[in-house]
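Me: I am new to reading protein models, and I would like to understand how certain labels are earned. Could you take me through the reasoning, one label at a time?

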Amino acid sequence: MDTLNPNWFLKARLKTRQLLLLIALDDHRNIHRAAEELHMTQPAASKQIKDLEEMLDVRLFERLPRGMEPTMFGETMIRHARMALTSLALAHDDIVALKAGMAGQVEVGCIMAPAMALLPRAIARVKEQAPLLRIGAHMEASNVLVDQLQRGTLDFMIGRVLEKENSAGLLYEELAEEPACAVVRIGHPMLERDDLTLKDLHAQPWILPPHGSILRHRFDMMFHRAGLDVPVNVVDTTALLLIIALLQQTDSMHLIPVEVAQYYASLHVVGILPIELPCKMDAFGIIRRRDHLLSPGAELLLEAVRTSARELY
């Protein structure tokens, strides 16, 4: 294979059926069941895989006594096959939607803080221009969203690239930093104080994300840098309904991104303690795949996110 030719698949006459076969083999790890799923004979399926391996000059699958396992080359081809077929399926959906007078489908992922203000504002802006655009919004942690983005199930996301090895093939456009604050129930006695220090917060009960999370690490370091021990009266949870219930029924404090806190404070669910904490998450931004051409609807939402971010941050 000419490794310098980016269009090798044209020379190889790569077939959609070969992509489907790669995915079926990944799902079943058995050439017979994969061939049956695609209504092929086993010899025909074996030949298609062999032809692809010869063109790529690599072994895609290890032939085992009880099945087939993808090699690292096979895993790469399978991942790109899934992305290619997902893209083709979305292209069909967009065409069908456009023929019906609609504006297509957009899938966007978002971490919690920008999901409170930035993304709703951007969606509202887009809906004024394209009310029939179908928008799928998914709120998860950044590592989950990056995986979905790389698998081709998201058009773009708003979050963080946490590990360098996960950033290959991704474009990152920074939007804002994410400072954190402490929230308590409405009527908490500390809400009336204007002289709070970290030492005042040290002995209080806390509701925190579990050890291993970035925000928990930043919380611990905040007290260490102030020469204080880490608070030990702690409930570890990320379950939002439980957090809200504990805040309302106790004098506990909760560490939360400022943007999220402001949203719940506007609903009079919590109050924000009058102290600026030296604690913040890494900046977040727009992340998309370098090799992915966005649909007109996705471009519209992306630009609305940029405009809304300039207004908010």
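Reply: What follows is a set of questions and answers about a predicted model.

Me: Why is Gln48 called buried?

Reply: The relative accessible area of Gln48 is 16%, and because buried means under 20%, Gln48 earns that label. Gln48 is placed in helix H4, residues 42–56, and, leaving aside neighbours within four places in sequence, Gln48 is in contact with Arg17, Gln18, Leu21 and Met40.

Me: What makes the pair Glu69 and Arg29 a salt bridge?

Reply: The closest N and O atoms of Glu69 and Arg29 are 2.5 Å apart, and since a salt bridge asks for a side-chain nitrogen of Lys or Arg within 4 Å of a carboxyl oxygen of Asp or Glu, the pair qualifies. The two residues are 40 apart in the chain, with Glu69 in strand E2 and Arg29 in the loop between helix H2 and helix H3. Both also belong to a network of salt bridges that links Asp26, Asp27, Arg29, Glu69 and Arg82.

Me: How do you know that Arg310 and Glu303 form a salt bridge, and why is Arg310 called exposed but Glu303 partly exposed?

Reply: The N to O distance for Arg310 and Glu303 is 3.8 Å, which is within the 4 Å limit, so the pair counts as a salt bridge. Arg310 has 58% relative accessibility, and exposed means over 50%, whereas Glu303, at 37%, falls in between the limits of 20% and 50% and is therefore partly exposed.

Note on methods
Residues are numbered from 1 along each chain as its sequence is written. This is a predicted model: local features need pLDDT of at least 70, side-chain atom pairs count only at pLDDT 80 or more; totals for chains, interfaces and linings use all residues. Side-chain values use heavy atoms; hydrogens and water are left out. Helices (H or I, at least four residues) and strands (E, at least two) are DSSP runs, numbered from the N terminus. Buried means under 20% relative accessible area, exposed over 50%, partly exposed in between (1.4 Å probe, protein chains only). Contact means heavy atoms within 4.5 Å.
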